[in-house]
Amino acid sequence: MRPLKVIYGPVASWRLGRSLGVDLICSPKKICTFDCIYCQLEEEKPTVKRDIFISIDKVKEELKNALKKTTPDVITLSGMGEPTLAENMDETIETIRELTNLPIAILTNSTLMHNKDMQKSLNKLDIIVAKLDAPNQELLRKINRPAEGIKFEKTLRGIKETRRGFRGKFAIQTMFVEENKDYAKELAALARDIQPDEVQINTPLRPCKVKPLSQKELDEIEKAFIGLNTLSVYHTTKPMTDPLDKLELIRRRRDEP
Ligand code: SF4
């Protein structure tokens, strides 16, 4: 089987528009600090080990070619796992900046945000979409099944610190499933403390091992977030897109974008 491409899409994202993906992991099996119960990618032991998975030259070459053929709304660091595990993420952001004026976003599970150097790198982005599914360690363990050593409090502190220093658009994304559907008030209280520009209320609508919540349930949950700027997956439409390589998209599946 041919290796995955670094650049994929544009994909139709309900929260970002036409999003051209940059995958700094590109592994046939996901590499992530979580193994969420709703992940569309196959179950895999989570890890906190950072590494260089893809060379900057490869990112540069593929992105240059892609931008000759398509004009997306945004370039998004995402892909086969957690993009902040890529040690060359900072360099990648600078490389993308040299090639285009398009906004750059990241979809992250927030677990490495406590690191000060990581916060500096994230500050170079235009949009951060940070996952927060659980209001405590017990639910984090149940829903996100993190790598050893990942603690709820430390992750939350990282989210708050990153948000404080960030001048771009900062969104919290919460995937609601059976396990956390009764914790909307607690999650909303945390969101009020974080003060994001947007709270993305999601449930796994794409095929995975977990059943999505109904629109009625999600509407009820959204009420707990009153006063915050919310975006619910059931009340958005996706833009039309014309992916550069449709097969490549079929080979990639995850909860985002
Ligand atoms: S859903 Fe996202 S954060 Fe969770 S395991 Fe899959 S890739 Fe990692």
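How many aromatic pairs does the structure hold? The structure holds 2 aromatic pairs, and the views below show them with their surroundings. This is a predicted model, in which local features need pLDDT of at least 70 and side-chain atom pairs count only at pLDDT 80 or more, while totals for chains, interfaces and linings use all residues. Residues are numbered from 1 along each chain as its sequence is written, and side-chain values use heavy atoms, with hydrogens and water left out.

**View 1. The pair of F166 and F170.** Rings of Phe, Tyr and Trp (its six-membered ring) pair if their centres lie within 6.5 Å, and planes under 30 degrees apart count as stacked, over 60 as edge-to-face and the rest as tilted. The centres of the F166 and F170 rings are 6.4 Å apart with planes at 65°, so this pair is edge-to-face. Both F166 and F170 are buried, a word that stands for under 20% relative accessible area, with exposed over 50% and partly exposed in between (1.4 Å probe, protein chains only).

**View 2. The pair of F176 and F225.** Here the ring centres lie 6.2 Å apart and the planes meet at 80°, so F176 and F225 are also edge-to-face. The pair links distant parts of the chain, 49 residues apart, and both F176 and F225 are buried.

**View 3. The buried side of helix 6.** Helices (H or I, at least four residues) and strands (E, at least two) are DSSP runs, numbered from the N terminus. In helix 6, A184, L187, A188, L190, A191 and I194 are buried. These residues cover an arc of only 160° around the axis, which puts them on the same side of helix 6; the arc is that of the directions from the helix axis to the C-beta atoms.
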